[in-house]
Structure formats: structure tokens, C-alpha cells
Number of protein chains: 2
Amino acid sequence: MSSQYTFIGEYNFVIDSKNRINIPSVFRKQLKKSDKKTFVVTRGVDSCVWIYPLGEWKKIEKELSNLSSLSSASRTFLRNHLRHANIVSYDDQGRIILSKQLIDYANISKDLTIIGVLNKIEIWDKKTLISHDKTSSVNDDYYEELSRKVTV
Amino acid sequence: MSSQYTFIGEYNFVIDSKNRINIPSVFRKQLKKSDKKTFVVTRGVDSCVWIYPLGEWKKIEKELSNLSSLSSASRTFLRNHLRHANIVSYDDQGRIILSKQLIDYANISKDLTIIGVLNKIEIWDKKTLISHDKTSSVNDDYYEELSRKVTV
DNA sequence: AATATAGTGGTTAATTGTGGGTAGTTTTCC
DNA sequence: GGAAAACTACCCACAATTAACCACTATATT
């Protein structure tokens with residue numbers, strides 16, 4: 001499964017009093033018409049928020065839709081992976097609204113760091129990311145991410 | 001078979017004294033003209049209520065009747081859940097009426113949690129879901145296999 | 001210098017979720 | 001059968017949230 005998106009780089013932004021966050025314009029420009037200015041926002045594996053362009057999310061959905069509701073483990077898996085996701089479109093200024101649940105989950109207060117990770121975008125609370133960087137082995141994270149993308 | 005619906009996310013609502021529950025507007029907006037503001041409501045396999053858009057339900061009926069890939073035991077199992085289905089339309093405020101049988105089955109009192117699961121919507125009693133979350137096995141082998149396979 | 005773009009902050013208007021009323025219909029029970 | 005109760009299908013109302021605009025500043029571009 002290959003992606004046409006190449007989100008890379010790191011940007012510092014803020015969240016405003018209405019829980020709006022700006023998606024960097026360089027990322028927005030990569031969206032296709034079929035994405036309809038829409039992202040799917042959900043929990044990341046670490047304490048961050050993951051953002052997918054709609055079309056990229058649809059690929060994930062396709063995989064998920066093969067799971068049978070007859071299996072109890074499948075049902076639980078589906079629920080747990082879908083319940084934290086939101087569909088959001090960005091406004092004329094390029095901002096999306098982040099749900100309170102995700103703000104809590106990612107420990108977001110004011111200053112954010114937005115990171116492009118190929119086919120998805122990560123939103124981190126700035127301080128949380130700094131302390132996460134300190135406590136986690138950079139190499140482990142890097143290879144873990146790679147293992148998901150590349151089959152060597 | 002993939003669906004055109006993308007029901008995802010978790011929402012907290014209440015049921016009122018007339019057994020009306022609101023369908024989240026983000027879900028309602030996805031309905032097509034051919035669905036005629038109508039859902040099919042039935043027993044979920046867990047202690048919850050499953051809701052399908054009318055058009056989606058018709059697909060399921062069709063599959064059920066001619067899917068030979070399912071064992072006869074599976075078909076019987078599914079049928080026993082789906083036979084409790086009833087057709088409901090939502091009112092001008094976006095609410096449907098839930099039957100007493102389904103309210104009893106899903107153990108619904110007042111606070112609800114509504115979860116989008118791709119092509120269907122689950123209605124849970126809030127407390128029931130919380131205790132279900134605790135007892136559901138997310139650590140069995142199959143669940144872990146799913147986590148590895150599906151890159152969310 | 002003038003123009004355009006990006007990020008941030010507000011204001012206003014529309015939508016959403018929830019509660020209730022009522023007239024008509026169906027069901028229940030004696 | 002007929003009265004009482006329960007249930008529908010439409011209404012209206014309203015607070016709170018959300019979406020749609022407008023405005024300002026700073027940086028980049030021509």
C-alpha cells in the first residue's frame with residue numbers, strides 16, 4: 001500500500017480558545033480534491049494525535065471492513081480503533097477543531113508541535129513531546145515507524 | 001464489500017422519557033436520499049443496539065440469504081440477532097424511537113454512548129459499555145494479530 | 001512600495017441536542 | 001363493546017455548541 005502524500009518537517013503552532021489548530025499550509029496543499037478539505041483525526045500510539053487525509057483514511061477503513069462481526073475480538077478491535085476517530089474539515093483559514101477527548105488524550109494545552117510522518121500528521125503538545133523525546137530511545141521509535149512502512 | 005458510510009467516533013447522549021434517542025448529526029448527514037431518513041434498528045451481538053441506514057440493511061439481508069461462505073450455524077446465529085429488527089425514521093430533531101425490547105436487551109437506562117463502526121452505529125448504555133470494556137479481552141492472540149496487521 | 005499569503009483572534013448566524021405539548025391512533029383491560 | 005392507558009406523529013421552544021465570516025498582523029513575494 002503506497003501513499004501519495006509526503007508529509008515531512010516540524011512546525012510550531014498554537015491551539016486557540018475554540019480548540020482550533022492550524023494545519024500547516026504545506027500539508028494542506030498536498031490534499032487532493034477527493035479529500036474534500038477533510039481529515040480524520042484520531043489517537044496516536046503515543047500521547048499524540050494522528051491526522052490522515054480522508055483518502056488515506058479510506059484505505060485503512062477498507063482493511064477494517066474485512067473484519068467479521070461474528071468474531072468477538074474483531075468487534076472489540078474495531079470499536080477500540082474507531083471510537084476515538086473524528087471526521088473534520090478545515091475552515092477558510094485552514095484550521096480544524098480538535099475534540100476535547102483528543103486534547104485530553106494528547107495532553108494539549110497551548111503550544112503544539114506538528115510533525116509530518118509520510119502519510120499522516122502528528123500533533124503533539126510541545127512540552128509533552130520534549131519529555132517524550134528524553135525518555136524514549138530515538139532509535140526504537142524510528143525503527144518501529146519504519147517497520148510499519150517498509151517491509152525489509 | 002466496502003460501504004460508502006464512514007460512521008466513526010464516540011458520542012454521549014441521553015434517552016428521554018419518550019424513548020427517543022438522537023442520532024449524531026454527523027451520522028445523519030451521511031445518509032443518502034434513498035435511505036429516506038430511515039434506519040433499521042436491531043440487537044447487536046454484544047449488549048448493544050445496532051443501527052443501519054436502510055440501504056445498508058438491504059445489502060445485509062441479501063448477503064444473509066445467499067452467502068454460502070458462512071456456515072449454517074453462523075447464519076442461524078446472525079439471523080437470531082437480526083430478526084429483532086425494526087424500521088424507524090427520525091423526526092425533525094433527528095431522533096428515533098427505541099422499542100422497549102431493545103431498551104431491555106441493551107440494558108439502557110438514561111446515559112448512552114453511541115459509537116460509529118463503519119457501516120453501522122452502536123448504541124450502548126454508558127455504564128454497560130464501561131464494564132464491557134473492562135471484561136473484553138484485548139490481549140488474546142487474535143486481537144494482537146489484528147493490531148499488527150492493520151496500520152491505523 | 002505594493003501585493004499576496006499564512007497564522008491567529010473574534011463576532012455573528014445557524015445548527016444541534018434536549019425538553020415538552022397535543023391531537024390522533026392503537027392497545028389493554030374490565 | 002367501551003373506557004382507560006399507552007403510544008405515535010407532529011408540533012414548538014430553547015440553551016449551548018458549532019460553523020461561517022470578518023479582521024488584524026507578520027512574513028514573504030513581486
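Modeller: Asp, Glu, Lys and Arg count as charged, Ala, Val, Leu, Ile, Met, Phe, Trp, Tyr, Cys and Pro as nonpolar, and the others, Gly among them, as polar. This is a predicted model: local features need pLDDT of at least 70, side-chain atom pairs pLDDT 80 or more, and totals for chains, interfaces and linings use all residues. Residues are numbered from 1 along each chain as written, with chains lettered from A and ligands numbered from 1 in written order.

Colleague: How many charged residues has the surface near DNA strand D?

Modeller: Near means a C-beta atom, placed from the backbone, within 6 Å. Both chains contribute, with D91, D92, Q93 and I97 from each, plus K18(B) and K100(B). By class, 2 are nonpolar and 2 polar, and the charged residues number 6.

Colleague: Which elements give two or more residues to the surface near DNA strand C?

Modeller: 20 residues surround this strand, D16(A) and F13(B) being among the closest. Strands here are DSSP E runs of at least two residues, helices H or I runs of at least four, numbered from the N terminus. The elements are β1 (10-14) of chain A and β1 (7-14) of chain B.

Colleague: Which element supplies the largest share of the side of chain B that touches chain A?

Modeller: The contact (C-beta atoms, placed from the backbone, within 7 Å) takes 24 residues from chain A and 23 from chain B. On chain B, β1, β7 (111-118) and α6 (141-149) each supply at least two. The largest share, 4 residues, comes from β7(B).

Colleague: Why do the copies meet through different surfaces?

Modeller: Look at the overlap of interface residues. The copies meet through different surfaces because, of the interface residues of chain B, those that are also interface residues in chain A make up only 4%.

Technical notes
Contact = placed C-beta atoms within 7 Å.
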